[in-house]
Amino acid sequence: MKTRKTPKELDTVIKRIITMEKNRPGYKEVLDFFKYVTREQYKMKPLIKVKPVAIDEETAKRQMMEGFPLLDKKDMKLNMSSVTTLFKNICRTLRRNSRKVAPEIKDINKAVRKGEIDLEELFRKVVEGDKGYVDSIGEKTGLNKWLLLFLAESSVNPFLEAYAEKLKGHVNQETWLKGYCPVCGSPPAMGELQMETGLRFLQCSSCGFKWRFKRLACPFCGNTNHEKLRYFHTETDGKAFRVDVCEECKKYIKTIDLKELNREAILPVEDMGTLHLDILAREEGYKRGTTNILEMEKSG
């Protein structure tokens, strides 16, 4: 019987998580949580098949020029069977391995069985960015709405990544320069400054696509007034990890300077390993442009 090889990309992610756990032992619980979810996503990736997107080069250019992302999420066809399978697999592995969330996962599974949660509708609403739908489920059932949103997004995002892979060739990195993803229109989760050029890139919070953005601008409100834009970092982290904040909209985004880091970065992992920067930003009165795992703590 042949054993399934670990995908090289997943192996790299796991090694980085293990290294970070050694360097930041206080983050072991949250990094393990992320590791279990990531493994289930990578198991599903080889099985993901998405329908070709009917868009020609001329249409793509026009959409780029007019500021419309290439993918209209409302028209996206999810393989609901596969998304549901991934959702259930993630729930199963977290129940087995994460004592902290196991009781809440059990409650979510119970609500699904009782018909209090329609998974297909949940997935559609999450793809469309309708977080109010998840809030309404939380209010009706008393479930942890952040955890439910996290599970749904973690189940849907690998499929969005597959669409991004098909559409990435249509993106003009020189002309887009907007604060939302050119593929799916979602906001960025993190940013990076490239090692050789120093150019600023943002990574999508949904499909994982990276696109070029202005070096001095807020991706959330478009503010370009240098007097209302600043960044900070900690002595412990050094200049490699910084927080870009906007005084106009009071939002922030974490950014990694790859030249200072002097190695490749896996942004989702670095995000989990720098939650102290999120805490510092919030203490100073800034709000993250997208939700992250700290929201689970706030949700109890």
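Student: Helix 2 passes helix 4 in a right-handed crossing in this predicted model; what makes the crossing right-handed?

Tutor: A crossing is given that name because the near helix is turned clockwise from the far one by less than a right angle, and helix 2 passing helix 4 is assigned to that class. The axes of helix 2 (residues 28–44) and helix 4 (residues 80–97) come within 9 Å and cross at roughly 150°.

Student: Which residues make the contact of helix 2 with helix 4?

Tutor: Helix 2 contributes Phe 33, Tyr 36, Val 37, Glu 40, Gln 41 and Met 44, while helix 4 contributes Ser 82, Thr 85, Leu 86, Asn 89, Ile 90, Thr 93, Leu 94 and Asn 97. By residue class, this contact holds seven nonpolar, six polar and one charged.

Student: Why are helix 1 and helix 2 called roughly antiparallel?

Tutor: The axes of helix 1 (residues 8–23) and helix 2 cross at roughly 175°, coming within 10 Å. An angle over 145 degrees counts as roughly antiparallel, and the two helices are therefore described in that way. On the helix 1 side, the meeting residues include Leu 10, Val 13, Ile 14 and Ile 17, and on the helix 2 side they include Leu 31, Phe 34, Thr 38 and Tyr 42. The residues of this contact comprise eight nonpolar, one polar and six charged.

Student: Why, then, is helix 6 called oblique to helix 7?

Tutor: The axes of helix 6 (residues 119–127) and helix 7 (residues 131–141) cross at roughly 140° and come within 7 Å. Roughly antiparallel would require an angle over 145 degrees and roughly perpendicular one of 65 to 115, so the pair is oblique. Here Glu 121, Leu 122, Lys 125 and Val 126 of helix 6 meet Tyr 133, Val 134 and Ile 137 of helix 7, and these divide into five nonpolar, no polar and two charged.

Student: How do you know that Ser 155 is buried?

Tutor: Ser 155 has 0% relative accessibility, and buried means under 20%, so Ser 155 falls in the buried class. Ser 155 lies in helix 8, and beyond its sequence neighbours up to four places away it touches Val 83, Leu 86, Phe 87, Ile 90 and Phe 123.

Student: What does helix 8 give to the largest nonpolar core?

Tutor: Helix 8 (residues 145–167) gives 14 residues, the most of any contributor, to a core of 75 residues. Those with the most contacts inside that core are Leu 78, Leu 94, Ile 117, Leu 122, Phe 123, Leu 151 and Cys 207. A second, separate core has 15 residues, among them Tyr 252, Ile 256, Leu 261 and Leu 267.

Student: Why is Lys 250 called partly exposed, whereas Asn 262 is called exposed?

Tutor: Lys 250 has 33% relative accessibility, which lies between the 20% and 50% limits, so Lys 250 counts as partly exposed. Asn 262 has a relative accessible area of 61%, and over 50% means exposed, so Asn 262 is placed in that class.

Student: What makes the phi values of Lys 250 and Asn 262 notable?

Tutor: Most residues other than glycine have a negative phi. Lys 250, although not a glycine, has a positive phi of about 65°, and Asn 262, also not a glycine, has a positive phi of about 60°. Lys 250 sits in the loop between strand 5 (241–246) and strand 6 (251–257), whereas Asn 262 is in the loop between helix 9 (258–261) and helix 10 (267–272).

Terms used:
Residues are numbered from 1 along each chain as its sequence is written. This is a predicted model: local features need pLDDT of at least 70, side-chain atom pairs count only at pLDDT 80 or more; totals for chains, interfaces and linings use all residues. Side-chain values use heavy atoms; hydrogens and water are left out. Axes are lines fitted to C-alpha atoms, for helices over the stretch in contact, and angles run from 0 to 180 degrees between N-to-C directions. Helices (H or I, at least four residues) and strands (E, at least two) are DSSP runs, numbered from the N terminus. Contact means heavy atoms within 4.5 Å. Ala, Val, Leu, Ile, Met, Phe, Trp, Tyr, Cys and Pro count as nonpolar, Asp, Glu, Lys and Arg as charged, and the others, Gly among them, as polar. A nonpolar core is a set of buried Ala, Val, Leu, Ile, Met, Phe, Trp, Tyr and Cys residues joined through side-chain atoms within 4.5 Å. Buried means under 20% relative accessible area, exposed over 50%, partly exposed in between (1.4 Å probe, protein chains only). Angles under 35 degrees count as roughly parallel, over 145 as roughly antiparallel, 65 to 115 as roughly perpendicular and the rest as oblique.
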